[in-house]
Amino acid sequence: MFFVRTAMETDIPAVCALLSETWHATYDEILGPEKVETIINSWLSHEAMLRRLRRPHGEFLVADSGTMIGGMAFAAPDKDNAEIVNLSQLYVLPGCQRQGIGEQLFAEIETCFPNAKRLALEVVPQNAPAIRFYEAHGLREVGRHDECGAPGSGIPAIRMEKDLPGV
């Protein structure tokens, strides 16, 4: 059984291990193991996770069983539009998937930003399980571009959004 809580600095090594395992399992066939490793060492590094943990107004959550971190999520208000919350990360260890952890993390993120009007995210088009998960939680495709995650990444992305309940 996992419970969702705010991440702490001591969680970062476990979160980084979770992200490494999950990214390789999800994206090696899509992006290639070398590109995945490059992303892990930059976007998902210990330092990058610390920056997220310390980001003002961001919400960094973990799903904790008491003995392991099985999932994580990070969201923050859009830098250009405070009415939009960007869900940048929601990952569950492959061995812990389909146990409701992603659902718990997603539900908690939806409640963390009471003044937001929309939730937005990017997903790689080949990540069909993630797209199905997000669609099941009310998100719909609103556009596509070729810079998932960071300008110049060259990774195709679907942008999905969902209206959030009013305050």
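## Exercises on a buried tyrosine, its core and the cysteines

At 8% relative accessibility, Y134 counts as buried. This is a predicted model, and the exercises below start from that tyrosine.

**Exercise 1.** Work out how the rings of F133 and Y134 are arranged, and whether each residue is buried or partly exposed.

*Solution.* Start with the ring centres of F133 and Y134, which lie 5.4 Å apart. Next take the planes: the angle between them is 75°. Pairs with planes over 60 degrees apart count as edge-to-face, and F133 and Y134 form such a pair. Now turn to accessibility. Buried means under 20% relative accessible area, so Y134 at 8% is buried. F133 has a relative accessible area of 23%, so this residue is partly exposed.

**Exercise 2.** Find which residues touch the most other members of the largest nonpolar core, and which helix gives the most to this core.

*Solution.* The largest nonpolar core has 53 residues. Within this core, M49, F60, L87 and Y134 touch the most other members. Helix 1, residues 12-31, gives the most, with 7 residues. To see one of these core residues in its setting, pick M49. Beyond its neighbours within four places in sequence, M49 contacts I12, V15, C16, L19, W43, L44, F60 and Q89.

**Exercise 3.** Classify the aromatic pair of F60 and F74, and say where its two partners sit.

*Solution.* The structure holds 7 aromatic pairs. In this one, the ring centres are 6.0 Å apart and the planes meet at 70°, so the pair is edge-to-face. F60 belongs to strand 2 (residues 59-64) and F74 to strand 3 (residues 69-77); with their positions 14 residues apart, the pair links distant parts of the chain. Both phenylalanines, F60 and F74, are buried. For a further aromatic group, look at W23, Y27, W43 and Y91, which form one cluster.

**Exercise 4.** Explain why C96 has no disulfide partner, and describe its surroundings.

*Solution.* Locate C96 in the loop between strand 4 (84-92) and helix 4 (101-111). Its relative accessible area is 7%, so C96 is buried. Then check the sulfurs: the closest cysteine sulfur to that of C96 is in C16, 17 Å away. A disulfide needs sulfur atoms within 2.5 Å, so C96 and C16 are too far apart for a bond. The total for the structure is 0 disulfides. Finally, list the contacts: leaving out residues up to four places away in sequence, C96 touches F2, M68, G70 and I101. Another cysteine, C112, is partly exposed at 21% relative accessibility.

Key: Residues numbered from 1 in each chain as written. Predicted model: local features only at pLDDT ≥ 70, side-chain atom pairs only at ≥ 80, totals over all residues. Heavy atoms only, no water. Helix = DSSP H or I, 4+ residues; strand = E, 2+ residues; numbered from the N terminus. Buried < 20%, exposed > 50% of the residue type's maximum accessible area, 1.4 Å probe, protein only. Contact = heavy atoms within 4.5 Å. Core = buried A, V, L, I, M, F, W, Y, C linked by side-chain atoms within 4.5 Å. Phe/Tyr/Trp six-rings, centres within 6.5 Å; stacked < 30°, edge-to-face > 60°.
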